[in-house]
Amino acid sequence: MSGRFGSKCYGNLRLTVVVLVGLLVLASVIASAESSLKEETKRHDENEEAEDNQETKPSSPKTRSGYRHVWPDMEIGWRIVVGSIIAFLGAACGSVGGVGGGGIFVPMLALIIGFDAKSSTALSKCMITGTAVATVVYNLRQRHPTLDQPVIDYDLALLFQPMLVLGISIGVAFNVIFADWMITVLLIILFLVMSTKAFLRGIETWKKETISKKEAAKRLELNSTGNQVEEFKCEPESLSNTTPKETKEPIKTKFSVLDNIYWKELGILVAVWVIILALQIAKNYTTTCSTLFWTLNILQLPVAGGVSLYEAVSLYKGRRRIASKGDVVTNWRVYQLVLCCACGITAGVVGGLLGLGGGFILGPLFLELGIPPQVSSATATFAMTFSASMSVIEYYLLKRFPIPYALYFFSVTTIAALVGQHLVNKLIDILGRASIIIFTLSFTIFVSALSLGGVGLVKMIERIQHKEYMGFDNLCSYT
């Protein structure tokens, strides 16, 4: 077994090296294409003084608010190489944990590549979208570890995704209002709590898996002593709250991707995404704090809240249920459903504040609800795809990130997500431990807390030293 496992790992390692080399070649192609685009950009630069500094400073397009973005030239060098490796590893871990990896992308883009804070946030959304889309495509070919149903729980997505999208809109506004030090303190506390809870859940799941493996070994030993030897396969402890009733019905061995798509639920989620996106785009072309601005903001409430409320009422009355928990009956109470919706909004707010995908909140929350790790990761990523892609379209229309960098890092994270999913699924099959997903989630959140928190603390110290204003800002003064 160990020899076979070693040969598989070696083969996967060679594949990873080939992929990284291919990505570097892709970077060189995009860099050469960018050089021609850069000439046109220089012609439209309205600030003569900025052009004089082009030799020593990266290109810096200016927004209508006067904020000047810092976009480094895309040239093959140690920054691109190191950034690509970090992006690859971050996307692989983020894909497995269902968190996207934004907590690793934002500091990498700012500290290593050299983007300004706002461009780093915008570009990280492109990377999160690449990770999420690749993961969802991969998961559409997967089934629930113990039940005959998709690994993505659509009812769970209907409850949380509209609130997540609504929270993103609120988070963007809070990003303008809140001071950096407030966001940093909130981030460190929140991420450390989430990381600790996920780690403890991982330990608990690991212990359950150990017990299951021992029971499976005993059963296999008893069967081998009889006349009939039954082949017994120990399922990984994904299973949180599954019951023996679930194994009575045989699980299909053959299915198509279309079997894993629930078109009605998907259609509702896409409709919410389109309507909220249209409102957000329209809002960007209004005067901040005008009557039309607030009207477009308020219109998001019935759209997102209506879908989540419908799902919550259906769960409360028993018309729908969280199918991924198997035959376990959950008697939902009003405060539990309100708390779930509040957590969905919180995940979106954090995503809007920091340029993350929201999976840092949803992943640990789904685990606390008793959802199997595979389903938790897949569903969190599925919900995150909508919020991240919506942000990318908005940022694109506002010209908040350079297209060559976005295409390159989108490619890196897409490939990394597929590689990460493939490797972890192989490990789960070999080791029989789905707790790997939970530990990956905990590790990714912890690293994100250190990286984002560290960057925030450095900025806070600099502001204190320069005696800069560190209070609340006025949303209406931001244009």
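These legends describe close-up views of a predicted model. Local features need pLDDT of at least 70, side-chain atom pairs count only at pLDDT 80 or more, and totals for chains, interfaces and linings use all residues. Residues are numbered from 1 along each chain as its sequence is written, and side-chain values use heavy atoms, with hydrogens and water left out.

**View 1. The whole protein has 15 helices and zero strands.** Helices (H or I, at least four residues) and strands (E, at least two) are DSSP runs, numbered from the N terminus. Of the 479 residues, 50% are buried. Buried means under 20% relative accessible area, exposed over 50%, and partly exposed in between (1.4 Å probe, protein chains only). Contact means heavy atoms within 4.5 Å. Among contacts with a separation of 6 or more, 81% join residues 24 or more positions apart.

**View 2. Helix H6 (residues 154–177) packs against helix H10 (residues 300–317).** Their axes come within 9 Å and cross at roughly 155°. Axes are lines fitted to C-alpha atoms, for helices over the stretch in contact, and angles run from 0 to 180 degrees between N-to-C directions. H6 and H10 are therefore roughly antiparallel. Angles under 35 degrees count as roughly parallel, over 145 as roughly antiparallel, 65 to 115 as roughly perpendicular and the rest as oblique. The crossing is left-handed. That means the near helix is turned anticlockwise from the far one by less than a right angle; clockwise gives right-handed. The H6 residues in contact include Asp 155, Leu 159, Met 163 and Ser 169. On the H10 side, Gln 300, Ala 304, Ser 308 and Leu 315 are among the residues met.

**View 3. H6 also meets helix H13 (residues 373–397).** These axes come within 9 Å and cross at roughly 30°. H6 and H13 are therefore roughly parallel. Their crossing is right-handed. H6 contributes residues including Tyr 154, Gln 161, Val 165 and Ile 168. H13 contributes, among others, Thr 379, Phe 382, Phe 386 and Met 390.

**View 4. Tyr 405 and Phe 409 form a stacked aromatic pair.** The whole structure holds 10 aromatic pairs. Rings of Phe, Tyr and Trp (its six-membered ring) pair if their centres lie within 6.5 Å; planes under 30 degrees apart count as stacked, over 60 as edge-to-face and the rest as tilted. For Tyr 405 and Phe 409, the values are 6.2 Å centre to centre and 10° between the planes. Both residues lie in helix H14 (residues 403–431), four residues apart, about one turn of the helix. Both are buried. Ring pairs join them with Phe 115 and Tyr 408 in a cluster.

**View 5. Arg 433 lies over the face of Trp 206.** The distance from the ring centre is 3.8 Å. A charge sits over a ring if NZ of Lys or CZ of Arg is within 6 Å of the ring centre and within 35 degrees of the ring normal.

**View 6. Cys 476 touches Thr 288 and Cys 289.** Residues up to four places away in sequence are not counted here. Cys 476 is in the segment after helix H15 (435–465). At 40% relative accessibility, Cys 476 counts as partly exposed. Cys 476 and Ile 177 are 299 residues apart in sequence, yet 9.5 Å apart in space, C-alpha to C-alpha. Cys 289 sits in the loop between helix H8 (263–284) and helix H9 (291–298). Phi of Cys 289 is near 70°, a positive value in a residue other than glycine. Most residues other than glycine have a negative phi.
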